[in-house]
Amino acid sequence: MELFYFVVFGALGALVAALELSKNNKDRISTSPAFNSFKNNYLVVYSLMMAGDWLQGPYVYYLYSTYGFGKGEIGQLFIAGFGSSMLFGTIVGSLADKQGRRRACITYCITYILSCITKHSPQYKILMIGRVLGGIATSLLFSAFESWLVAEHNKRGFEQQWLSLTFSKAIFLGNGLVAILSGLFGNLLVDSLSLGPVAPFDAAACFLAIGMAIILSSWTENFGDPSENKDLLTQFKGAAVAIASDEKIALLGAIQSLFEGSMYTFVFLWTPALSPNDEDIPHGFIFATFMLASMLGSSLASRLMARSSPRVESYMQIVFVVSSAALLLPILTNFLVAPSEVKGGSISFAGCLQLLGFCTFEACVGIFWPSIMKMRSQYIPEEARSTIMNFFRIPLNIFVCVVLYNVNAFPITVMFGMCSIFLFVASILQRRLMAISDKPKVETWTAMKERDPEAEPLND
């Protein structure tokens with residue numbers, strides 16, 4: 001493997017270590033033993049849930065190809081997963097507010113374990129069922145656990161600022177360290193032990209089962225809307241009214257969809273961007289490097305959120321501009337660096353520049369996750385938290401499905417340009433959110449009820 005990869009990985013590792021070891025009292029939040037116990041319990045569960053997710057990611061496409069499916073059929077399976085997350089996942093995820101967030105977290109474990117089991121079958125219909133189950137599980141992963149955490153944190157009377165500590169640690173561990181270890185463990189199972197491409201899915205099911213056992217034994221239930229007469233349609237209507245009546249919530253949803261849409265598109269684009277002429281690149285090592293960059297971002301976010309200034313709404317404007325510039329690099333190198341005509345070989349000079357840009361983008365991803373969680377905890381009403389969070393994922397899943405369907409229709413530079421524009425728009429929306437963040441809601445639920453007797457307030 002080329003020295004360049006080790007230099008980038010080593011530099012990122014040194015930066016992460018320096019940031020973590022150099023933290024002083026200003027960068028740390030003083031907490032209580034009861035909160036630390038609560039936080040550590042959640043971090044163990046969240047890390048196990050993310051391990052179950054990360055173990056599967058690198059091997060889904062590979063598994064389908066070993067079963068003899070072509071690019072078109074595999075694309076349909078992927079679209080089914082995102083479509084399921086948009087349709088069924090939104091409904092199931094929204095039930096968490098009504099039926100209980102702990103129950104929804106357990107449903108995530110069961111659903112994803114069943115999805116893993118379907119990977120043993122080479123039949124297309126069975127694999128399609130697995131993708132549908134996986135889509136439902138994804139919606140629960142990115143809504144139910146955070147909703148449970150915020151509600152339980154508030155129910156136990158912990159300080160609001162302490163939430164940012166849990167968020168940043170969850171991303172540092174779950175989206176950083178666990179992702180790296182999962183990649184290495186999956187590589188050990190498939191390549192070193194020659195257990196086949198289905199082995200990571202079996203390992204994922206085991207981690208999910210362990211996490212479910214901890215949830216069953218140590219988590220208490222909490223709910224969003226406690227009313228008994230509110231059906232799912234009314235619940236959706238209430239969430240839609242919340243988004244429409246509060247500009248802050250609408251802006252937050254738009255920002256999240258723009259950033260995550262660009263992020264998921266990047267997942268499909270980075271491999272062809274770094275190897276346009278079939279250059280031999282170490283995919284697993286590069287993935288681990290990206291996750292290390294994400295750890296760097298989450299470590300930086302923990303420092304920023306531990307202080308009262310700058311506010312999350314302020315520094316995220318800069319993060320979106322930097323991430324937009326980072327995804328412009330493939331376009332700039334395409335114009336400024338002469339393309340190589342040699343097939344195969346090692347990574348090109350343009351590829352090296354792009355890799356540095358991609359690591360910068362991943363660092364921005366590491367800052368984004370805990371920061372968007374912090375803003376969601378501030379602006380989204382507790383009664384419909386899971387429902388609204390799943391509403392945010394609807395445009396995201398539509399966008400990713402469209403990209404997957406047309407992935408070969410546009411040059412890669414056009415796709416990166418589109419992502420860069422989306423991220424710049426997110427920075428503009430973030431600036432607007434900063435401007436109105438201290439303003440109260442224009443209209444209260446009571447006033448809305450008086451104006452429209454049929455409107456259902458979130459609090460009954």
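Is Phe9 counted as buried, partly exposed or exposed, and at what relative accessibility? In this predicted model, the relative accessibility of Phe9 is 26%, so the residue counts as partly exposed, given that the partly exposed class lies between under 20% for buried and over 50% for exposed.

Aromatic contacts offer a good way into the fold. The count of aromatic pairs comes to 31. In one of them, Phe9 meets Phe285 in a tilted arrangement, with 5.1 Å from centre to centre and 40° between the planes. This pair links distant parts of the chain, as Phe9 belongs to helix α1 (residues 3-21) and Phe285 to helix α12 (residues 283-306), 276 residues apart. A stacked pair is formed by Phe142 and Trp369, whose ring centres are 5.8 Å apart and whose planes differ by 20°. Phe142 is located in the loop between α6 (124-141) and α7 (144-155), while Trp369 is part of helix α15 (residues 349-379), so this contact ties together parts 227 residues apart in sequence. Phe142 and Trp369 are both buried.

Ring pairs also build a cluster, which joins Phe35, Phe38, Tyr42, Tyr46, Tyr108, Tyr112, Phe145, Trp148, Phe158, Trp162 and Trp219. Elsewhere, an aromatic ring meets a charge: the charged end of Arg131 sits over the ring of Phe78, at 4.7 Å from the ring centre.

Turning to the surface, a nonpolar patch is made up of Phe185, Leu188, Leu193 and Leu195, which together have about 340 Å² of accessible area. Within this patch, Phe185 comes from helix α8 (residues 162-192). Phe185 counts as partly exposed because its relative accessibility is 31%.

Key. Residues numbered from 1 in each chain as written. Predicted model: local features only at pLDDT ≥ 70, side-chain atom pairs only at ≥ 80, totals over all residues. Heavy atoms only, no water. Patch = residues over 30% accessible without salt bridge, like charges linked within 9 Å, V, L, I, M, F, W, Y side chains within 5 Å. Areas by Shrake-Rupley, 256 points an atom, 1.4 Å probe, with all protein chains shown as cover. Salt bridge = Lys/Arg side-chain N within 4 Å of Asp/Glu carboxyl O. Helix = DSSP H or I, 4+ residues; strand = E, 2+ residues; numbered from the N terminus. Buried < 20%, exposed > 50% of the residue type's maximum accessible area, 1.4 Å probe, protein only. Phe/Tyr/Trp six-rings, centres within 6.5 Å; stacked < 30°, edge-to-face > 60°. Lys NZ or Arg CZ within 6 Å of the ring centre and 35° of its normal.
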